[in-house]
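Here's a quick briefing to read alongside the model. Have the sequence and the 3D view open, and we'll go from the whole chain down to a few residues.

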Amino acid sequence: MYCGNCGREIDDRAVVCPHCGVAVKRLEEKKSVNGLGIAGFVVSLVSLWLGLYFCIASVVGLILSAVAVAKREKYSLGGLAIAGLVVSIVSLMIWVVVWIILGLKMSSII
């Protein structure tokens, strides 16, 4: 690493430049975007309307969001992963209830 003031090479762990005495500015590591969290959130939102197709979208959104929540420490936008998890659980519960009601109505018709 190099000092931002005098330009001389210094130790990576240095807090102050030993040559000029100026405090070393550390660049924060930027976290990458959690693609699984975004995908889980989007699929979870879509699953609110696509639950008619055997709740597959809800289950996929739940899995993507759960994996993203498990890895949220390494990424930014961890809130989307949690939101996707919540939305997919709610969507799954809604569509399971709808399918149960439809099943009961169909069984009473036959």
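**Surface and fold at a glance**

About 7,800 Å² of the protein is exposed, and carbon and sulfur atoms supply 70% of that area. Bear in mind that this is a predicted model. Going along the sequence, you'll meet the elements in the order β-α-α-β-α, which makes 3 helices and 2 strands.

**Overall packing**
- Just 22% of the 110 residues count as buried.
- Looking at contacts with a separation of 6 or more, 52% of them link residues 24 or more positions apart.

**The nonpolar patch**
- On the surface there's a nonpolar patch with about 970 Å² of accessible area together, and its members include V42, W49, I82 and I94.
- Helix α1 is the top contributor to this patch, giving 7 residues.
- Both α1 and α3 (78–109) supply at least two residues each.
- V33 belongs to the patch too, and it sits in strand β1 (residues 32–33).
- V33 counts as partly exposed because its relative accessibility is 45%, which falls between the 20% and 50% cut-offs.

**A buried serine in α1**
- S47 is part of helix α1, which covers residues 35–50.
- With a relative accessibility of 0%, S47 counts as buried, since the cut-off for that is under 20%.
- So what does S47 touch, leaving aside neighbours within four places in sequence? Its contacts are A57, S58, S91 and W95.
- While S47 is buried, its sequence neighbours V46 and L48 are both in the surface patch.

Key
Residues are numbered from 1 along each chain as its sequence is written. This is a predicted model: local features need pLDDT of at least 70, side-chain atom pairs count only at pLDDT 80 or more; totals for chains, interfaces and linings use all residues. Side-chain values use heavy atoms; hydrogens and water are left out. Helices (H or I, at least four residues) and strands (E, at least two) are DSSP runs, numbered from the N terminus. Buried means under 20% relative accessible area, exposed over 50%, partly exposed in between (1.4 Å probe, protein chains only). Contact means heavy atoms within 4.5 Å. Accessible areas come from the Shrake-Rupley method with a 1.4 Å probe; for residues, only the protein chains shown count as cover. Patches are made of residues with over 30% relative accessible area and no salt bridge: like charges are joined within 9 Å, nonpolar side chains (Val, Leu, Ile, Met, Phe, Trp, Tyr) within 5 Å. A salt bridge is a side-chain nitrogen of Lys or Arg within 4 Å of a carboxyl oxygen of Asp or Glu.
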